[in-house]
Each structure stands twice: as structure tokens, then as C-alpha cells.
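Visitor: Before we look at this model, please explain the terms as we meet them. I should like each name to be tested against its definition.

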Amino acid sequence: MIPWSTDWPAPAKLNLFLHITGRRADGYHLLQTVFQPLSVGDTLDFLCLDEDAVRLESPLPGVEPEQDLVVRAARRLKAEMGYPGGVVARVHKRLPLGGGLGGGSSDAATTLVALNHLWGLGLSRDRLAALGLELGADVPVFVRGRAAWAEGVGEHLEPVTLPEPWYLVIHPGVSISTAALFGDPQLTRNCPPITIPDFISGKAGNVFEPLVRARYPEVARALDWLAQAAGEARLTGTGACVFAALKDQAGAEALLGRLPEGWRGFVARGLNRSPLLDRLAQG
């Protein structure tokens, strides 16, 4: 019997800032952001099949299996290469849906990277990233597995070396529709482009924070609570998760223990190299 290939990481990410600088003719937003992978995320297992089938062992509640990004990624890779076999995927879900942590995109990227290896397809990282972009704007950064400065719709990536602090990440118990926020007429879409030195000097923010504060009072409360407790608080992506960098793991864990009732959270290390790359190196 063919064994499962287990423990493929699908790490979370943080957007350390997020600006929108314009829109393309097709309506897609042009952005600038910095992605940083985290030491915490989902994990995936894969069972390769001789038959032409792609299945999830346990579909996510409320998500049609054919719309799940893991299934879509596997099918896209099969179609690209005409691969005759298949796979059963098992997702150990830790990251919340609608949290701004990139969970679905990371799951898709891990599926592309892992199956490219397990199926012996030999596609380059560039080609996998291009396939990933068809699935979602955040997928390429997870495929490449590095902290990165991103522009365009997220496909122009430049690796950066960042501090690797301990973060407290809080999910205040609400799910946010990214599409609704991108469609909000109040969204700032004309940020002047900035440079990496501008970001390092603190001249950056998240254009979605005012909208999320107005629409989701619980996220606003989490931002305010974390700012008071940690001295800073930021929204990742379009939310709902908020985060702060702490001096050390012990301080982050202590603050985690003080979370108000109804909120969930976790402590994670910010990384410059994704654990997915380490797992790939193990074979």
C-alpha cells in the first residue's frame, strides 16, 4: 500500500503593510505590501493514486469540494502536465477562514509544491508560481516561500530580509469578505508608491483598517485592546486578524493568556524562509 506523505506545512502570512496604488483596466487592484511567513499554519497530507481522481478526505464545512483551493490546485497541476494519476488530500486546518492570514492560498501553494515533487513533474518555481497566480493573488508568495516585497496584483515579488520577531495574532471571532471590502467606494485606491526604505522607516499602513474598523466593531475593539497591551496593533490583509510584534516569546505567550473571552489567538515567529521549503528539502 502506498503510504501517505505527511506534514507538508502551509504557513500563515502577515501583511506588514498594505497600500493600493491604482487599478488595472480589468479592474484588479494594484498594491504594495510586504509578506512575512509565520511559523504557524495548516498542514497537509497527500496520498498519491494511480487513478485519475482528486479528492479531499474531509471537505471544509461550507465549502464545496470542487471550489476548495486544494482541489483546484491539484486539478490545475494535473491539467497543465496531463498527469494521469491523482491524489487524496487531507488538510489539518488551523488558520481561520476570512482571517487575512492567507490560509486558503497557502494550502493551494503547498498542494502545488508538494504534488510537483510527489508526482515527479519537475516544474520550476517560476512555473508553479504562474499556475498559483491563476488560483489567487497571494498564492505565488507562498509557492516561493520567502518574505517578500510585493507589487502589481501581488505577482511581482522581491525577496527581503526582515527581523524575525515573535507575534501575537488575534482573531476576534468574525469573518470578513475580502470582495466586499475591495468593492467599497470608500477604499483608498490612490496611495502614492513607496519604497522599501519608506516601509522600514514606518511610512506605511493598511488602507483597509478604517473600513474594517467601521464595518466590524469587534475588530476595532481587538485593535484597540492590542495597541494598549502591546504598544502597537496592525491589521493583516483585509482582516479579521490583528497582530503585534512582542519582545520575546514569553511576553507574547503571557499576553495570549490575557485575551478577552470569545477571541482566539496564537503566538508565532515571523520568518524569512517558509517551513514549506524545509519540508521540500526533506523529500
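Guide: A pocket is an open set of grid points with protein on both sides within 12 Å along at least five of seven lines, and a residue lines it if it has an atom within 4 Å of a point. Its volume is the space filled by probe spheres set on the points. Please note that the model is predicted.

Visitor: How much space lies in the second largest pocket, and which residues line it?

Guide: The second largest pocket holds about 160 Å³ of space. Its lining is formed by L16, L162, P163, P165, Y167, F199, I200, R234 and A245.

Visitor: What makes the class count of that lining eight nonpolar, no polar and one charged?

Guide: Arg counts as charged, whereas Leu, Pro, Tyr, Phe, Ile and Ala count as nonpolar. R234 is therefore the charged residue, and the other eight residues of the lining are nonpolar.

Visitor: What is the volume of the largest pocket, and what lines it?

Guide: About 1200 Å³ of space lies in the largest pocket. Its lining has 46 residues, and S105, G136, A137, D138 and T178 lie nearest its centre. The elements giving two or more residues to this lining are β1, β2, α1, α2, α3 and α5. By class, the lining divides into 20 nonpolar, 17 polar and nine charged residues.

Visitor: How do you know that α1 and α2 are in contact?

Guide: Contact requires heavy atoms within 4.5 Å. The residues that meet this include L69, A73 and L77 of α1, and S105, A108 and L112 of α2. The axes of the two helices are 8 Å apart, at an angle of about 35 degrees.

Visitor: Why is the crossing of α1 and α2 called right-handed?

Guide: The name is given when the near helix is turned clockwise from the far one. The crossing of α1 and α2 is right-handed, so the turn there is clockwise. The crossing of α2 and α3 is also right-handed, with an angle of about 145 degrees and axes 10 Å apart.

Visitor: What makes β5 and β6 a pair?

Guide: Two strands pair if at least two bridges are found between them. β5 and β6 have four bridges, in the antiparallel sense, so the requirement is met. A148 stands opposite P159 in β6, and in the hairpin G152 takes a positive phi near 70 degrees.

Visitor: Why are β8 and β10 placed at the edges of their sheet?

Guide: The sheet is open, has four strands and follows the order β8-β9-β7-β10 with antiparallel pairing. β8 and β10 each have a single partner strand, so one side of each is left without a neighbour in the sheet. Within the sheet, five bridges join β7 to β9, and W166 stands opposite L246 in β9. Helix α8 lies across β7, β8 and β9, and helix α9 lies across β7, β9 and β10.

Visitor: What makes D7 and A240 worth pointing out in the backbone?

Guide: Most residues other than glycine have a negative phi, and most peptide bonds are trans. D7, in strand β1, has a positive phi near 65 degrees. A240, in the loop between β8 and β9, is joined to G239 by a cis peptide bond with omega about 20 degrees.

Conventions:
Residues are numbered from 1 along each chain as its sequence is written. This is a predicted model: local features need pLDDT of at least 70, side-chain atom pairs count only at pLDDT 80 or more; totals for chains, interfaces and linings use all residues. Side-chain values use heavy atoms; hydrogens and water are left out. On a 1 Å grid over the protein atoms alone, a cavity is a set of points where a 1.4 Å probe fits but cannot get out, and a pocket is an open set with protein on both sides within 12 Å along at least five of seven lines; lining residues have an atom within 4 Å of a point. Axes are lines fitted to C-alpha atoms, for helices over the stretch in contact, and angles run from 0 to 180 degrees between N-to-C directions.
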